[in-house]
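Reader: Could you walk me through how a few pieces of this model pack and pair?

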Amino acid sequence: MKISHWMDRSAVGFGTSGARGLVSSMTDSVCFAYTVGYLRHLERCGEFGPGTSVALAGDLRPSTPRIMRACLAAILFMGGTPIYCGHVPTPALCVFAFSRRIPSLMVTGSHIPDDRNGIKFNRLDGEFMKSDEAGMLGIDVAIPAEIFDRAGALLEPPPLPEPTDVLTGYLERYVGFFGREALSGFRIAFYQHSGVGRDFLPGLLEALGAEVLVLGRSAQFVPVDTEAVREADHRLAREWAQTHEIDAIVTTDGDADRPLVADESGAWLRGDILGLVTARFLGAGAVTTPVNSNTALEAAAFARRINRTRIGSPFVIQDMMRAENDGIRPSVGYEANGGFLLASPVERDGHVLSPLPTRDAVLPILSVLLAAREQGGSLRRLQQALPQRFTLSDRVAPLPSAVSLETIRGLRERIEETTLVPGLGAERNRVLSVDETDGLRLFLSGGDILHLRPSGNAPELRIYVEASAPERAFSLLEEARALVAPAS
């Protein structure tokens, strides 16, 4: 049965660089079939064969160990040699696998709730691209039915081996580039929650000279979304900033490839601001970012080339690598969720940081802290020195993708008739231009921007707004919520 039929039957579809779905749908047999399809696709590409090493890791969701065992069983079935890397950040797995030019899989649902999970696929030197997904859909997969029960569970799941250390190399990547005194003088609170990097990342910050206070460890999975921060996390950050004398609060999403950083007052910085500051700090010649990222990037005017893409790291990687191939370097990419991607080597103070063309949380965290040092160590002053454009985002959930698409289609039709957005204030309801690169992005009178799109990872409608002042952004977000709220 083709992977496309497995997808239709299980409702486990492709998200960003891999498969995602409800845990109840991601049975052992489905995960086994997807992994076999992935390896057969790589086989066609000349990147896998019997005896090929395949690295495997996962996050801290309750369902992750079971799914990792199903993936392990599929690797063994295909004649591969599994290298189990344990529960580690996605970029740590990628640094290890890319440097050895071997395939790798990460079992993670990233930031989404733990009733869902996913399998992120990588090629030898980068993420699974959209062309890879299209190629994998046509792969025929027949699984050995005798190893599963009627519910699709493995009858004898293989034990997970003793993990191979991939964290030492990940730590040395940054200590070697920035130096052991880079963060000397900083007092940083690390929000642990249930992120897979919650024990490793505080140690990395300490290895770079920071004083680190660990807070907020959770026994339950916490779906920290760096692009739509929960009110509970806003409240926690403010409370910690008032209670502890700190320069910053840092954390990541569940698989530690997206950063979240708060200033000394406990105000979380937007991911696209982290990306902008990091790109400028690294002296980027080319910057690639999706259409929903803050337009302060253009106003900052430091990059020779700026590419705007659809939302999703595969699209960012594609244009980022094109700039690298055109010789515009360093070529970097970032997303509104804060994930930062590096296509080119970067040199600083005689040290070279090698490329990492997948989302990473560590580089933007470190770069923003060091850029703040130039503002007396204040992240707040660092933000104030940037071009003043303010972005906010939210989501309407749960909302099936079909309903999201219908909502957007209906709004687009009304705009074509009147050039006005019903429900928005008169000072900004006229549509000056429309960008349909990804969803519906409206450039409004008064300089405001409203962007709507269905999520590619969960049944929800994403809302992004941008304005010239915080209060305008907040009011536009409120109006947008009311505009797209489902009828009760």
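Author: Sure, here are some questions and answers on a helix pair and a sheet; keep in mind that the model is predicted.

Reader: How are helix 6 and helix 12 oriented to each other?
Author: The axes of helix 6 (residues 167-178) and helix 12 (residues 362-373) come within 11 Å and cross at roughly 25°. Angles under 35 degrees count as roughly parallel. So the two helices, 6 and 12, are roughly parallel.

Reader: Is the crossing of helix 6 and helix 12 left-handed or right-handed, and which residues make the contact?
Author: The crossing of these two helices is right-handed. On the helix 12 side, V362, L363, L366, S367 and L370 make the contact. Helix 6 brings in Y170, Y174 and F178.

Reader: By class, how many residues in the contact of helix 6 with helix 12 are nonpolar?
Author: There are no charged residues in that contact, and one is polar. The nonpolar count is seven.

Reader: Now the five strands of the open sheet: which ones stand at the edges?
Author: The order runs 12-11-13-14-17, with mixed pairing. Neighbouring strands here are turned by 15° against each other on average, direction ignored. Two of the strands have a single partner each, so one side of each lacks a neighbour in the sheet. Those edge strands are strand 12 (305-309) and strand 17 (356-360).

Reader: And what stands opposite T288 in strand 12?
Author: Strand 11 covers residues 286-290 and pairs with strand 12 in the parallel sense, over five bridges. Opposite T288, strand 12 places N307.

Terms used
Residues numbered from 1 in each chain as written. Predicted model: local features only at pLDDT ≥ 70, side-chain atom pairs only at ≥ 80, totals over all residues. Heavy atoms only, no water. Axes fitted to C-alpha atoms, helices over the stretch in contact; angles between N-to-C directions. Helix = DSSP H or I, 4+ residues; strand = E, 2+ residues; numbered from the N terminus. Parallel < 35°, antiparallel > 145°, perpendicular 65-115°, else oblique. Left-handed = near helix turned anticlockwise from the far one by under 90°. Contact = heavy atoms within 4.5 Å. Nonpolar A, V, L, I, M, F, W, Y, C, P; charged D, E, K, R; others polar. Pairing = 2+ DSSP bridges.
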